[in-house]
Amino acid sequence: MRRLVSDTLVIAERNLIRLPRAPDLLLAFTVQPVMFVLLFVYVFGGAISTPGYDYVDFLIPGIIVQNIAFGGFVTALGLSEDLNKGLIDRFRSLPMARPAVLAGRTLADVVTNSLSVVVLVVTGLIIGFSFHASVGDVLLGFLLLLCFGYAFSWLFALLGLVVSSPEAANSLGFIAVFPLTFISSAFVPVDTMPDALKWFADVNPFTVVVDAMRSLWLGAPAGNSVWGAFVWSAVIIAIFAPLAVAKYRRTASGR
């Protein structure tokens with residue numbers, strides 16, 4: 001266990017050290033999310049009715065959940081690139097815990113996701129967003145975001161191991177996650193959707209997490225959304241973490 005922890009921290013440090021040397025990756029965590037916020041608030045916001053909320057208050061929890069889920073793309077792209085360059089074979093030859101490669105990458109995502117959340121919250125505060133909750137609820141919301149982002153990092157870790165190239169990882173990941181974020185309560189009230197889409201949005205984990213964030217940050221009725229969001233995060237990790245580790249073991253063994 002001690003080796004697993006130390007090796008995980010080394011891999012996480014390796015992934016974070018490269019960020020200052022790759023400014024294009026930093027743009028994905030900083031500039032791109034801000035552009036999305038400004039686009040929705042100032043272009044689409046006037047056309048979307050959100051009873052009981054200013055659109056900026058309605059939007060910020062949703063767009064942060066979307067962005068936090070997409071944060072795992074770095075893991076998918078990085079693992080696919082390491083496989084194609086033969087770096088996974090190099091890791092296999094080292095005296096290190098094999099799960100540490102995946103654990104380190106997903107741990108690094110927690111740091112980059114934290115950066116994205118801070119950037120988006122600050123942007124939201126500048127353009128008019130405000131918290132309507134206690135400090136404890138606000139902090140619980142931050143914890144929920146990081147848990148949900150960490151869960152999706154494991155999904156993307158599996159994706160990065162099964163695709164043939166970083167380009168394929170990018171395309172398939174976008175196809176898988178993009179509809180989930182938009183057919184949810186992230187950007188528009190679910191009640192405005194057609195019946196079939198409304199049914200899907202109601203059971204969509206993104207809707208559960210976004211509703212939980214609005215409850216924690218805006219004081220909206222919670223229902224079962226807060227504990228349900230943490231359960232969804234745990235379920236995603238429980239499903240995709242073992243699958244990703246198993247796939248990595250087979251890949252590292254050459255099977």
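# Exercises on rings, charges and enclosed spaces

Phe174 and Phe178 both belong to helix α9 (residues 166-182), where they stand 4 residues apart, about one turn of the helix. The model from which these exercises are drawn is a predicted one.

**Exercise 1. Classify the ring pair formed by Phe174 and Phe178, and place the pair among the aromatic contacts of the structure.**

Solution. Begin with the whole structure, in which a search finds 17 aromatic pairs. Phe174 and Phe178 form one such pair, with 4.6 Å from centre to centre and 25° between the planes. Rings count as paired if their centres lie within 6.5 Å, and planes under 30 degrees apart count as stacked, so the contact between Phe174 and Phe178 is a stacked one.

Next, consider how far each side chain is open to the surroundings. Phe174 has a relative accessible area of 41% and is partly exposed, and Phe178, with a relative accessible area of 29%, is partly exposed as well. Both values fall in the class between buried, under 20%, and exposed, over 50%, which is why neither residue receives one of those two labels.

Finally, widen the view to the cluster that ring pairs build, which links Phe174 and Phe178 with Phe40, Phe44, Phe70, Phe182 and Phe187.

**Exercise 2. Work out which residues are linked in a network of salt bridges, and describe each link.**

Solution. The structure holds 3 salt bridges. As background, side chains of opposite charge can pair when their charged atoms come close.

Take Lys198 as the starting point. The side chain of Lys198 meets that of Asp191 in a salt bridge of 4.0 Å, N to O, and Lys198 also forms a salt bridge with Asp202, where the closest N and O atoms are 3.3 Å apart. Because Lys198 takes part in both contacts, Asp191, Lys198 and Asp202 are linked in a network of salt bridges.

Now look at the positions of these residues. Lys198 and Asp202 both lie in helix α10 (residues 195-203), 4 residues apart, about one turn of the helix. Asp191 counts as exposed, at 64% relative accessibility, whereas Lys198 is partly exposed, with a relative accessible area of 25%, and Asp202 is likewise partly exposed, at 41%.

**Exercise 3. Starting from Arg214, find which residue forms a salt bridge with this side chain and over which ring Arg214 lies, and then relate these residues to a pocket.**

Solution. The salt-bridge partner is Asp211, and the closest N and O atoms of Asp211 and Arg214 are 3.9 Å apart. Both residues belong to helix α11 (residues 205-218), in which they are 3 residues apart, about one turn of the helix. Their accessibility falls into separate classes, for Arg214 is buried, with a relative accessible area of 5%, while Asp211, at 31%, counts as partly exposed.

The ring is that of Phe58, since Arg214 lies over its face at 3.6 Å from the ring centre.

The last step turns to the second largest pocket, which has a volume of about 320 Å³. Of the 13 residues that line this pocket, Phe58, Ser185, Pro189, Asp211 and Arg214 lie nearest its centre. By class, the lining of the second largest pocket is made up of 7 nonpolar, 3 polar and 3 charged residues.

**Exercise 4. Describe the largest cavity, and determine which helix gives the most to its lining.**

Solution. A search of the whole structure finds 1 cavity of 30 Å³ or more, and the largest cavity has a volume of about 90 Å³.

Its lining comprises 11 residues, of which Asn15, Val74, Arg105, Ala108 and Asp109 lie nearest the centre. Three helices, α1 (2-17), α5 (73-85) and α7 (99-127), each supply at least two residues of this lining, and the helix that gives the most is α7, with 4 residues. Sorted by class, the lining of the largest cavity divides into 5 nonpolar, 3 polar and 3 charged residues.

**Exercise 5. State how far Leu243 lies from Phe152 in sequence and in space, and whether Leu243 is buried, partly exposed or exposed.**

Solution. Leu243 is found in helix α12 (residues 225-252). Leu243 and Phe152 are separated by 91 residues in sequence, and the C-alpha to C-alpha distance between them in space is 13 Å. With a relative accessibility of 42%, Leu243 falls between the 20% and 50% limits and therefore counts as partly exposed.

Technical notes
Residues numbered from 1 in each chain as written. Predicted model: local features only at pLDDT ≥ 70, side-chain atom pairs only at ≥ 80, totals over all residues. Heavy atoms only, no water. Phe/Tyr/Trp six-rings, centres within 6.5 Å; stacked < 30°, edge-to-face > 60°. Buried < 20%, exposed > 50% of the residue type's maximum accessible area, 1.4 Å probe, protein only. Lys NZ or Arg CZ within 6 Å of the ring centre and 35° of its normal. 1 Å grid on protein atoms, 1.4 Å probe; cavity = no way out; pocket = protein on both sides within 12 Å on 5 of 7 lines; lining within 4 Å. Points joined across faces, edges and corners; volume = space filled by probe spheres on them. Nonpolar A, V, L, I, M, F, W, Y, C, P; charged D, E, K, R; others polar.
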